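Please open the model in your viewer and keep the sequence panel beside it. The stops below suggest what to select at each point and describe what is found there.

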Amino acid sequence: MTLEEARALFPVLERLAYLNAGTFGPLAQPTAAAVQEQLDADLADGRFGKEYFERMLDLRKQARVALAGLVGAEPEQISLTGSTTDGCNIVLAGLDLQPEDEIVTTSEEHFGLIGPVHASGAHVVVAEPDPDAILAAVTPRTRLLALSQVLWTSGRSLPVRELREQTGVPVLVDGAQSVGSIAVVAAGLDFLTISGQKWLCGPDSTGALVVADPERLRVARPSYFSQSAHEPSGSFEPTAGAARFDPGWLSSAVLAGLLAALDVRPDWAYERAAAMAARCRELLTPLTEVVPGDATLVAFRADNPPGLVARLAEESVVVREIPKTGLVRVSCGWWTNEDDLDRLAKAVAA
């Protein structure tokens, strides 16, 4: 599949320089068609009976296999969630941390991670998003590193696997801005969250949690999918693998759409996105202060970020601001082309 053929699958790209996959990726026609086909089947045939539930369970199985393959994990290590925040909450609740325990995180994490970190009840240590600062914050009381692999603010990446190896402390990795945008390998990471609707261009409310060793995490928020057998008292035998952490039902339509979105991705997705991010930095550097970063998010400073984002939108260029930072953020995906970036640079310079 050529770039032109791939871009033709995304109707929105005909009108917009769509540079906001860090929030929501563009939807491809096959993704929307898969969702609609499943909804049409539900409408015509109803949502009941053996055939329907077998179809739903098979879609869940297919989604685990596809997401596991994306990050080099085993399907048994995949819990299907509705968001990366779901994944963070599952982990933080299941670790049973106490007030005397410490979690080391950074000052540039998304609330989807630090909200669950705070709610865990452990003592939170906030370090600068720098490997040396993170290492210096670790003490004998540290029970978890809670870190983004790619910071949502600047696009700077953190060496999460190396930090795990150097500290020996389990790591919860927020993969919202990494999985699907750069090559990610789950090996060596205790917990990794995945967003379906961002860089994977899947439907809303899709995602996953990779759990390296499901037996070492308690099921703190059980759903029907958590048990293979249960007693009237509520005691239960956990489902095998990370499926025990599934927080609940995902509609067959969104699962079908997620599978279609994953199937759309070309083999050259990572290389193309990296090249477009490098080109974006090259075009913006003479025009404004570009924040150092090494992933597919490109952030730059602006005097009035909300005003600039609104003005760019009038020029059919879709980006976003990062509140309270003075930054505007550009998401460069594998579907991005030179014309998108030229339109961005021209509008910024105006």
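Begin by selecting D101, which, leaving aside residues up to four places away in sequence, touches A122, H123, R141 and R143. Keep in mind throughout that this is a predicted model. D101 is found in the loop between α4 and β3, the strand of residues 102-106, and with a relative accessibility of 10% D101 counts as buried.

Stay in that loop and select D96, which also lies between α4 and β3. D96 has a phi near 55°, a positive value in a residue other than glycine. The relative accessible area of D96 is 37%, so this residue is partly exposed.

**The helix pair α4 and α5**

Next, display helix α4 (residues 84-94) together with helix α5 (residues 111-119), whose axes come within 9 Å and cross at roughly 20°. Because angles under 35 degrees count as roughly parallel, α4 is described as roughly parallel to α5. The crossing in which α4 passes α5 is right-handed. To see the contact itself, show the side chains of T85, C88, N89 and L92 on α4, and of G112, L113, P116 and V117 on α5. The residues of this contact of α4 with α5 divide into five nonpolar and three polar, with no charged residue.

**A buried salt bridge**

Now turn to the salt bridges, of which the model has 14. Select D246 and R64, whose side chains meet in a salt bridge with an N to O distance of 2.6 Å. D246 lies in the loop between β10 (236-238) and α8 (252-264), whereas R64 belongs to helix α3 (residues 49-71), so the pair ties together parts that are 182 residues apart in sequence. Are these two partners, D246 and R64, buried or exposed? Both D246 and R64 are buried.

From this pair, move to strand β10 and select F236. Apart from residues up to four places away in sequence, F236 touches V219, P222, S226, Q227, A229 and H230. One of these contacts, P222, is 14 residues from F236 along the chain, and the C-alpha atoms of the two are separated by 9.7 Å. With a relative accessible area of 31%, F236 is partly exposed.

**Helix α9 and its surroundings**

Select helix α9 (residues 269-284) and find R279 and E282, which both lie in this helix, three residues apart, or about one turn of the helix. The side chains of R279 and E282 meet in a salt bridge, at 3.3 Å from N to O. R279 has a relative accessibility of 24% and therefore counts as partly exposed.

Beyond this helix, select E289 and R301, where another salt bridge is formed between the side chains, at 3.5 Å from N to O. This pair links distant parts of the chain, since E289 sits in the loop between α9 and β11 (297-301) and R301 sits in strand β11, with their positions 12 residues apart in sequence. E289, with a relative accessible area of 49%, is partly exposed, and R301, at 38% relative accessibility, counts as partly exposed too. For a further selection among the salt bridges, take R60, R64 and D246, which are joined into one network by salt bridges that share partners.

Return to α9 and add helix α11 (residues 338-349), which packs with α9 at an angle of about 25°, the axes being 10 Å apart. At that angle α9 is roughly parallel to α11, and the crossing of these two helices is right-handed. The contact is made on the α9 side by R272, M276, R279, C280, L283 and L284, and on the α11 side by E338, L341, D342, L344, A345 and V348. By class, this contact of α9 with α11 has eight nonpolar, four charged and no polar residues.

**Last stop**

Finish at K324, in the loop between β13 (320-322) and β14 (327-331). What is the phi of K324, which is not a glycine? K324 has a positive phi of about 70°. The relative accessible area of K324 is 91%, so K324 is exposed.

How values were computed: Residues are numbered from 1 along each chain as its sequence is written. This is a predicted model: local features need pLDDT of at least 70, side-chain atom pairs count only at pLDDT 80 or more; totals for chains, interfaces and linings use all residues. Side-chain values use heavy atoms; hydrogens and water are left out. A salt bridge is a side-chain nitrogen of Lys or Arg within 4 Å of a carboxyl oxygen of Asp or Glu. Helices (H or I, at least four residues) and strands (E, at least two) are DSSP runs, numbered from the N terminus. Buried means under 20% relative accessible area, exposed over 50%, partly exposed in between (1.4 Å probe, protein chains only). Axes are lines fitted to C-alpha atoms, for helices over the stretch in contact, and angles run from 0 to 180 degrees between N-to-C directions. Angles under 35 degrees count as roughly parallel, over 145 as roughly antiparallel, 65 to 115 as roughly perpendicular and the rest as oblique. A crossing is left-handed if the near helix is turned anticlockwise from the far one by less than a right angle, and right-handed if clockwise. Contact means heavy atoms within 4.5 Å. Ala, Val, Leu, Ile, Met, Phe, Trp, Tyr, Cys and Pro count as nonpolar, Asp, Glu, Lys and Arg as charged, and the others, Gly among them, as polar.
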